[in-house]
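Hi,

Here is the structure I promised to pass on. Have a look at it first, and my notes follow underneath.

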Amino acid sequence: MKTSRIKFGCLQLVACSLCLGYGSAIAQTYPVKPIRLIVPLAPGGPSDILARTMAQKMGESMKQSIVVDNRTGAGGTIGTDIASKAPADGYNLLLIAVATYTINANLYKKLPFDPRKDLVPVSVLAAAPYVLTVHPSLPVKSMKELIAIAKTRSKDLNYASGGTGTGPQLAFELVMQQTGMKITHIPYKGTGPALNDMISGQVQVALFNMIAAMPVVHSGRLRAIAVSGAKRYAKLPDLPTFAELGIKGFEVPTGHMIMAPAATPRDIIAKLHQEAVKAVQSPDVKARLEAEGAEIVGNTPEQASAIIRTELEKWATVIAKAGITLN
């Protein structure tokens, strides 16, 4: 009996060694065919633009084409579900905003995938801060003044967003929860329409992604009063951070990340991480993203996982307090 157990133990060790060797062999030859990079949002937006930039740069380095596959619907959950159920072989990846992923995990009552188990991050690539803006007709030049006017004119003030459940909308809800402001939400079908109505004065307040807001802030069509992030934004150095104003929850850069099905071999995840960081740190890609208002991150899978856990907890609290649900 003892001899049988010893033989069985030896067989297990041999099997494990063969599996490890097989995984290493796959990583050494990977990739041998085109890679699919799923984007769960429509073409032309920030996620799609970043995905196509990364696909070209990583594809050149890996000597294999990376095909961007836009799978839209249900606020990004359809494409995310497709990625979560794809073969875990390194040939099926997802590019998604951390905010979209972690907000959807709490916003939708039922999801066809488990956001905490079915996908793992490769890296958070780049992040663009949120900037709190007001229309120039509003006599506000600071957060203190906005809070004061919101208390006296709450029925007259509206804030815009690109839609219910989007990152900027939930971020503004977090700001209101911490400052005590009560401003009516006006959801639009995308950032573009929301931005247009802000510029025309139809709504007075909004949080926008810096990439979208930068041109209109610089031109004076909107006034910026605060920015998210752990430190001040280099191109608007006089703008205080939320943290400086006592508003917490915006210190960690989240941005967009690449993910893979959870069972993807670790060797392949490591190779993808290496290639993704090399691509986002390349001079041309870095210059382009920074010119648009983004901050390069390129962190490790472990660091990205920690960010996801923190964001999942944060948005669960914000959504519960705001009473927002979908489906």
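A quick one to start with: is lysine 63 buried or exposed? Lysine 63 is exposed, because its relative accessible area is 71% and the cut-off for that label is over 50%. Before I go further, please keep in mind that this is a predicted model.

**Backbone oddities**

Staying with lysine 63, its place is the loop between helix H2 (46–62) and E2. Its phi is positive, about 55°, although lysine 63 is not a glycine. Alanine 74 is another residue to check: its phi is near 55°, again a positive value in a residue other than glycine. You will find alanine 74 in the loop between E2 and helix H3 (77–85). With a relative accessible area of 39%, alanine 74 counts as partly exposed.

There is also a cis peptide bond, between tyrosine 30 and proline 31, with omega about 0°. Proline 31 sits in the loop that runs between helix H1 (2–29) and strand E1 (35–39). For context, most residues other than glycine have a negative phi, and most peptide bonds are trans. You may want to look at these spots yourself before setting anything up.

**Asparagine 70**

Asparagine 70 belongs to strand E2 (residues 66–70). What lies 5.8 Å from it, C-alpha to C-alpha, despite being 30 residues apart in sequence? The partner is proline 40. Setting aside neighbours within four places in sequence, asparagine 70 is in contact with Val39, Leu41, Ala42, Pro43, Asp48 and Arg52. Its relative accessible area is 21%, so asparagine 70 is partly exposed; buried would need a value under 20%.

**Two buried polar residues**

Serine 84, in helix H3, is buried, with a relative accessible area of 12%. Not counting residues up to four places away in sequence, serine 84 touches Phe113, Asp118 and Leu119.

Glutamine 169 is in helix H6. Its relative accessible area is 2%, and therefore glutamine 169 is buried. Leaving aside residues within four places in sequence, glutamine 169 has contacts with Tyr159, Ser161, Gly163, Thr164, His185 and Ile324.

**H6 against H11**

How do H6 and H11 cross? The axes of helix H6 (residues 167–179) and helix H11 (residues 301–322) come within 10 Å and cross at roughly 75°. That angle makes H6 roughly perpendicular to H11. On the H6 side, the residues that meet H11 are Leu170, Ala171, Glu173, Leu174 and Gln177. Facing them from H11 are Lys314, Trp315, Val318, Ile319, Lys321 and Ala322. Sorted by class, this contact has seven nonpolar, one polar and three charged residues.

**Cavity and pocket**

Now for the empty space. How many cavities of 30 Å³ or more does the structure hold? There is one, and the largest cavity contains about 30 Å³ of space. Its lining consists of Gly76, Thr80, Ile96, Thr100, Tyr101, Asn104, Ala105, Leu111 and Phe113. Helix H4 (residues 98–107) contributes the most to that lining, with four residues. No charged residues line the largest cavity; by class there are five nonpolar and four polar ones. Phe113 turns up here as a lining residue, and it is also one of the residues that serine 84 touches.

The second largest pocket has a volume of about 170 Å³. Lining it are Tyr101, Pro115, Arg116, Lys117, Leu119, Val120, Pro121, Met259, Ser305, Ile308, Arg309 and Leu312. Which element gives the largest share of that lining? H11 does, with four residues. Strand E4 (119–127) and H11 each supply at least two residues. By class, the lining of this pocket divides into eight nonpolar, one polar and three charged residues.

Tyr101 links the two spaces in the lists, as it appears in the lining of the largest cavity and in that of the second largest pocket. Leu119 also does double duty: it lines the second largest pocket and is in contact with serine 84.

That's everything from my side for now.

Cheers

Note on methods. Residues are numbered from 1 along each chain as its sequence is written. This is a predicted model: local features need pLDDT of at least 70, side-chain atom pairs count only at pLDDT 80 or more; totals for chains, interfaces and linings use all residues. Side-chain values use heavy atoms; hydrogens and water are left out. Axes are lines fitted to C-alpha atoms, for helices over the stretch in contact, and angles run from 0 to 180 degrees between N-to-C directions. Angles under 35 degrees count as roughly parallel, over 145 as roughly antiparallel, 65 to 115 as roughly perpendicular and the rest as oblique. Contact means heavy atoms within 4.5 Å. Ala, Val, Leu, Ile, Met, Phe, Trp, Tyr, Cys and Pro count as nonpolar, Asp, Glu, Lys and Arg as charged, and the others, Gly among them, as polar. On a 1 Å grid over the protein atoms alone, a cavity is a set of points where a 1.4 Å probe fits but cannot get out, and a pocket is an open set with protein on both sides within 12 Å along at least five of seven lines; lining residues have an atom within 4 Å of a point. Grid points are joined across faces, edges and corners, and a volume is the space filled by probe spheres set on the points. Buried means under 20% relative accessible area, exposed over 50%, partly exposed in between (1.4 Å probe, protein chains only).
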